[in-house]
Amino acid sequence: MTVNFNGVIRIMGILLLVLGACLIPSLLVAFIYAETLSIKAFLFTILPCIVIGAVLKKVFRPSLIKLKARDGFLIVSLSWLVASIIGALPFVISGAIPNYIDAFFETCSGFSTTGSSILTDVESLPKSMLFWRSFTHWLGGMGIIVFAMALLPSIGVGGQIIASAETPGPTLSKITPRFADTARNLYLVYILFTVIETILLLFGGMNLFDSLIHTFGSVGTGGFSSYADSVAHFSSPYIQWVIIIFMTMCGINFNLYFILARKGIKAMLKDSELRLYLLIIFSVTALISINLMTAGGYDSISQGIRDSAFQVTSMITTTGYATADYELWPTFSKMLIFILLLTGACSSSTGGGVKVIRILIALKLVRRGVSLKLHPNRIASVTLGGKGVPQEVSTNIANFIFLYIFVFFVGGFIISFNGYDIVTSFSAVLTCLGNTGPGFNLVGPVLNFSIFSGFSKLVLSFLMIAGRLELFTFFMLFSRHYWNSNKA
Amino acid sequence: MTFNHRLIVRTISIVLLFEGIAMLFPMVCAVYYKENNTASAFFFTAICCIAFGMTVRRFFRYSTLKIKTREGYFVAFICWIIVCLVGTMPYLLSGNGYSFVDSVFESVAGWSTTGAWVLDINTMPNALLFWKSICNWLGGMGILILTLSIFPILGVHGQKMAAAEVPGPELEKMVSKMGETAKISYSIYIAMTVLELCLLLPSGISPFDALINTLSTISTSGVVNLNNDISMHSTPYVKAIFTIFSIIGSINFMVYFFIYAGKWRKVIKNIELRTYLAILTISSVLIAVILYFSGSYDSITDALVDATTQTVSFGSTSGFTVTDINSWPSSCQTVLLLLMFIGACGNSTGGSLKVIRVIVYFKLIMRGVYKRIHPTAIKPIMIQGKPVSAANASSITVFIMLYFAFYILSCVIMSLENQDMITTLSGTLAVFSNNGTGFGALANADYSIFSNFGKVYSSILMLAGRLEMYALIVLLSRSFWNSDRV
């Protein structure tokens with residue numbers, strides 16, 4: 001009983017088809033702006049994708065053996081790798097990012113919705129390239145597989161199994177019986193948000209191109225901008241608040257929007273994760289605002305609150321946009337931002353990081369542990385919203401946090417060989433693992449990742465994908481137990 | 001149900017008695033060095049302590065010794081607080097104009113074997129330096145008392161050494177009473193101290209330096225660096241002694257039992273010892289290689305010597321520096337940082353997470369990956385062939401998470417001091433892991449850069465790290481103070 005390779009390759013074929021289709025909007029943009037190099041690059045990528053994809057889909061018939069969870073992990077990991085590898089090609093072929101490793105980094109950063117960039121001069125890129133870069137955010141935000149699932153339910157019963165390997169966070173409840181329906185619903189909400197934000201940004205005075213780019217970056221919680229100074233380029237408070245609101249909304253568990261639609265806002269606000277998420281946002285915003293006003297050299301309250309709120313929501317939702325260079329802020333604010341890098345957004349959202357629900361349950365576990373020290377014979381269980389949390393889930397969460405810490409340290413060690421200071425190395429790793437984008441010191445919000453060696457960029461790229469896939473899905477492939485189940 | 005007051009007061013009185021007696025030694029030293037103000041400070045405090053201790057002991061002679069969990073935590077906490085506060089008196093009264101906060105910091109740093117400083121070492125009277133070293137030494141012994149005698153009582157009733165905190169080799173057949181265990185530990189500790197002193201005396205450093213550094217290194221506090229003499233410019237022999245005895249102080253004292261009882265097999269098989277030594281060896285070699293290739297060292301042996309000394313210093317949570325670690329390549333600094341997190345072995349004078357917990361941590365991760373692949377498999381974690389019970393694994397998991405949560409929260413609080421990121425992050429870790437030395441502005445263990453708030457909070461952190469956090473945290477829980485309320 002090993003991995004179902006036929007099934008895996010077939011799905012790869014379908015993925016290639018989907019990828020090819022996704023490149024078409026960027027091709028259109030290239031036509032609009034008459035960028036011939038880009039047109040060629042896209043065509044050279046789209047055509048082989050569609051051809052090979054169609055061939056694979058035909059040749060590898062849907063097998064009678066059902067896809068299992070084990071296959072799901074391989075499919076998801078492979079899909080993301082393949083998507084990033086192929087997605088980098090347009091950049092290289094058109095000469096926008098000539099070095100392939102750089103292009104791969106940028107594409108991984110796009111699909112994983114990280115938003116870290118190796119570009120030193122963003123604005124010199126052709127518009128269609130910038131569009132493709134941000135479109136990968138949009139695709140990656142909700143999940144490539146989920147996208148495929150919504151479009152092509154013919155993938156079949158394995159859908160739920162595969163997608164659960166991709167969905168961020170522990171899922172404690174199901175919304176619809178068929179996963180394909182869930183996927184479709186999720187994408188509807190997602191598309192709705194995209195359209196609304198684009199329109200709102202247009203009202204703010206942005207041109208259509210910029211609106212789309214920044215919408216993709218905010219609903220996908222990615223962080224790529226068409227300008228070198230990120231959202232600071234737009235000094236209009238209206239625009240900044242719109243982006244703040246949409247970043248926050250897309251950091252919320254999307255399933256809650258269905259609860260909102262069916263049962264109203266009170267039911268939605270009962271969710272413990274949402275409450276902790278909002279609590280963190282409000283309290284940290286307040287703390288940073290106060291700190292900025294007293295020690296940070298800010299004069300106007302409204303700007304202090306606005307900059308604080310923007311950075312807080314940007315970091316907690318792992319978007320990574322910036323309206324101010326927080327490197328200049330007092331250490332207290334910087335430390336709080338550092339914490340937000342760790343926390344992450346809610347589960348089943350487009351955000352990354354450790355996820356608020358895991359932090360919540362971990363805190364409850366700790367509290368229970370302390371109480372057990374005092375009352376060793378007590379029977380206490382961890383509850384969430386009135387329901388008990390199964391032992392399995394608690395254990396998985398603890399394991400996840402431990403693995404996260406481990407990967408963080410090992411990654412930091414590897415990146416430190418570049419010779420940059422500890423804060424730079426470790427914050428680079430943390431921000432890629434959590435899919436946020438900016439770090440501290442040499443990878444601060446106004447700087448970029450071009451300073452790292454090619455090897456480090458590769459490592460960081462893998463960390464981005466590993467983080468997006470919540471570590472286990474990715475690292476499992478390195479275990480010998482995975483490839484040969486007879487070896488227990 | 002209230003606290004067993006008699007027991008608490010009696011314990012405090014015994015502890016104060018010992019502390020008072022301990023103060024007589026620096027008093028003699030002060031007289032010898034003609035530091036009169038300091039001498040009278042010690043005299044005054046010592047008399048008070050001894051008087052209090054003796055009279056109270058007489059009053060509370062007859063009281064039950066049954067100790068419950070609640071009293072245990074409270075006793076541990078209150079004893080340490082009182083010991084530290086009384087220990088500030090000599091600094092405060094010595095007439096050198098030291099502030100209260102500074103004195104508290106020095107005292108806590110001493111007793112928690114951290115080895116951090118806020119007062120200027122070079123102008124401190126010799127008697128106070130001696131007192132700090134004594135605090136270090138007694139603090140190290142205090143840890144042994146805590147982990148060998150008190151924690152098992154708090155964690156699990158009975159003789160099991162595999163307590164809720166630190167799973168370790170079992171002692172059932174070895175010694176019959178807890179008291180015996182403790183006595184043997186102290187004997188070994190004292191023996192090691194005497195041995196180190198004998199080895200240091202003929203090495204060319206002054207007898208006073210030898211004495212205070214012996215006391216500080218065997219308790220894994222650090223090295224007392226007068227004018228940067230000892231650590232930077234001492235001979236390889238001296239550095240080697242410091243290194244070896246730091247390792248000795250940071251190994252699980254259970255191992256010494258086994259040696260004492262002749263059970264060599266158990267020593268060799270002890271997974272914590274092996275892992276710890278492996279970590280030290282690999283780190284030393286790794287750092288040495290990186291240093292050599294970075295060009296700052298001429299020969300690989302020089303690099304290896306410095307690397308090993310520095311590795312042991314950080315791995316045992318002693319925290320002395322033999323060179324300017326700020327100038328080291330950041331990959332070496334990262335290794336040192338990791339060593340700070342891992343810490344020493346359980347049941348030793350070292351601090352931080354402890355190697356045995358890190359071992360369990362890794363096994364938990366690997367089991368996590370395995371269980372994702374085989375969700376219904378039954379796979380316990382094995383240490384030396386015996387399974388770790390779910391309760392223990394759970395307890396260790398909670399400890400590790402609490403450790404990181406505490407650390408992160410403390411970083412935020414310390415960031416109010418507005419030092420740069422690396423200083424804040426490494427400084428918080430340094431005091432929490434009882435190491436003492438950080439990076440950035442704290443590479444020389446000089447904490448005077450912090451304001452009073454920072455110093456007070458650092459003191460709390462040192463204590464929290466030393467007491468393994470629980471003793472502090474349970475005090476914040478409502479059910480601790482009122483047993484009717486769970």
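Is C29(B) buried or exposed? C29(B) is buried, with a relative accessible area of 9%, where buried means under 20% relative accessible area, exposed over 50% and partly exposed in between, with a 1.4 Å probe and protein chains only.

**Before starting**

This is a predicted model, in which local features need pLDDT of at least 70 and side-chain atom pairs count only at pLDDT 80 or more, while totals for chains, interfaces and linings use all residues. Residues are numbered from 1 along each chain as its sequence is written, chains are lettered from A and ligands numbered from 1 in the order in which they are written, and side-chain values use heavy atoms, with hydrogens and water left out.

**Exercise 1. Describe the make-up of chain A.**

Step 1. Chain A has 22 helices and two strands; helices (H or I, at least four residues) and strands (E, at least two) are DSSP runs, numbered from the N terminus.

Step 2. Of the 488 residues in chain A, 62% are buried.

Step 3. Taking contacts in chain A between residues at least 6 apart in sequence, 71% of them join residues at least 24 apart, contact being defined as heavy atoms within 4.5 Å.

**Exercise 2. Find how many disulfides the structure holds, and examine C22(A) and C29(B).**

Step 1. A disulfide is a covalent bond between the sulfur atoms of two cysteines, and the criterion here is a pair of cysteine sulfur atoms within 2.5 Å.

Step 2. Over all chains, the structure holds zero disulfides.

Step 3. For C22(A), the closest cysteine sulfur belongs to C49(A) and is 10 Å away, which is too far for a bond.

Step 4. C29(B) is likewise in no disulfide, and the nearest cysteine sulfur, that of C135(B), is 13 Å away.

Step 5. C22(A) counts as buried because its relative accessibility is 6%.

**Exercise 3. Examine the salt bridges, beginning with E106(A) and R133(A).**

Step 1. Side chains of opposite charge can pair when their charged atoms come close; a salt bridge is counted when a side-chain nitrogen of Lys or Arg is within 4 Å of a carboxyl oxygen of Asp or Glu. The structure holds 10 salt bridges over all chains.

Step 2. In the salt bridge of E106(A) with R133(A), the closest N and O atoms are 2.6 Å apart. Since E106(A) lies in helix α5 (residues 100-111) of chain A and R133(A) in helix α6 (residues 127-142) of chain A, the pair ties together parts that are 27 residues apart in sequence.

Step 3. E106(A) is buried at a relative accessible area of 1%, and R133(A) is buried at 2%.

Step 4. Another salt bridge joins the side chains of K334(A) and E327(A), at 3.8 Å from N to O. K334(A) counts as buried at 10% relative accessibility, and E327(A) counts as buried at 19%.

**Exercise 4. Work out where E470(A) lies and how its side chain is paired.**

Step 1. E470(A) lies in the loop between α20 (454-468) and α21 (472-475) of chain A, and it counts as buried at 7% relative accessibility.

Step 2. The side chains of K355(A) and E470(A) meet in a salt bridge of 2.7 Å, N to O.

Step 3. K355(A) lies in the loop between α16 (331-343) and α17 (356-374) of chain A, and E470(A) in the loop between α20 and α21 of chain A, so the pair ties together parts that are 115 residues apart in sequence.

Step 4. Salt bridges that share partners join K355(A), R358(A) and E470(A) into one network.

**Exercise 5. Describe how chain A and chain B meet.**

Step 1. In chain A, 51 residues are in contact with 55 residues of chain B.

Step 2. About 4,600 Å² is buried between chain A and chain B, with carbon and sulfur atoms giving 77% of that area; buried area is the accessible area (1.4 Å probe) that two parts lose on being put together, summed over both.

Step 3. On the chain A side, K373(A), L374(A) and F402(A) lose the most area to chain B, together 17% of what that side buries.

Step 4. The count of salt bridges between chain A and chain B is zero.
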